[in-house]
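Hi,

Here is the structure I promised to pass on. Have a look at it first, and my notes on what turned up are underneath.

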Amino acid sequence: MQLAKSFEQAACVVVLLATQRPDIPLTSDVIHERIGGSASYIRKIIRKLVVADLVASTSGNNGGVQLARSPEAISIKDVVLAIEGPLHTFPDRGYFDQVFKDVEPVADEGTKVVNAIFSQADQQWLAFLSHQKIAALIKDLLAVSQIPVLNWNNQSEDKMGQLNQILTRMRAAK
């Protein structure tokens, strides 16, 4: 199984929002500029995150999107399900029925057994991802004890320079 490209983009949206100052919504234009790709596709991804209650949207001149929950309360599973929908890795296209059509109990049992195996695997995978929180991912990635925040909307600022300064201060304070 492979996640859609939109999952990685959605994860980047969530990480951007987790590092955005919580009092300032991040505009979809800035998100699009940072991630790239199609602006309308990024808006569709944001919409899926809003529908899943991971992101809150505010309209108006100072509008944009913000996390609807803290990064500590959002798991990678939440993002996967928001983008991919319910997980069913076994497609069950009826091949067991076709191959064993002349031995019907075998075909029916084979489909049930394989469905059960993949259903259990799906649940174990999702259970693991439910323990992987966005906050921990960011902290591990940046090697810090708290998530740094800045205003991604301000395009005139050197974001990498700002982020490096914040990270240096945070690491020195450890």
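**The largest pocket**

Four helices, α1 (5-18), α2 (28-35), α7 (134-142) and α8 (159-173), each give at least two residues to the lining of the largest pocket. Before you go further, keep in mind that this is a predicted model. The pocket holds about 280 Å³ of space. Its lining comes to 13 residues, and V15, L16, T19, R34 and W152 are the ones nearest the centre. What is the lining like chemically? It splits into 11 nonpolar residues, one polar and one charged.

**Where two helices cross**

Next, have a look at helix α4 (residues 76-84) against helix α6 (residues 104-130). The two pack with their axes 6 Å apart, at an angle of about 125°. Angles of 65 to 115 degrees count as roughly perpendicular and those over 145 as roughly antiparallel, so α4 is oblique to α6. If you want to find the contact on screen, pick out I76, K77, V80 and L81 on α4, then W125, L126, L129 and S130 on α6. By type, the residues of this contact are six nonpolar, one polar and one charged.

**The hairpin**

There is also a strand pair to show you. Strand β1 (residues 55-58) runs antiparallel to strand β2 (residues 64-67), and four bridges pair them. Which residues of β2 do T58 and S57 bridge to? T58 is partnered with G64, while S57 is partnered with V65. The hairpin has five residues between its strands, and G60 takes a positive phi there, near 110°. As a reminder for when you look at the side chains, in a regular strand they alternate between the two faces of the sheet.

That's what I have for now. Shout if anything is unclear.

Cheers

Notes:
Residues are numbered from 1 along each chain as its sequence is written. This is a predicted model: local features need pLDDT of at least 70, side-chain atom pairs count only at pLDDT 80 or more; totals for chains, interfaces and linings use all residues. Side-chain values use heavy atoms; hydrogens and water are left out. Axes are lines fitted to C-alpha atoms, for helices over the stretch in contact, and angles run from 0 to 180 degrees between N-to-C directions. Angles under 35 degrees count as roughly parallel, over 145 as roughly antiparallel, 65 to 115 as roughly perpendicular and the rest as oblique. Contact means heavy atoms within 4.5 Å. Ala, Val, Leu, Ile, Met, Phe, Trp, Tyr, Cys and Pro count as nonpolar, Asp, Glu, Lys and Arg as charged, and the others, Gly among them, as polar. Two strands pair if DSSP finds at least two bridges between them. On a 1 Å grid over the protein atoms alone, a cavity is a set of points where a 1.4 Å probe fits but cannot get out, and a pocket is an open set with protein on both sides within 12 Å along at least five of seven lines; lining residues have an atom within 4 Å of a point. Grid points are joined across faces, edges and corners, and a volume is the space filled by probe spheres set on the points.
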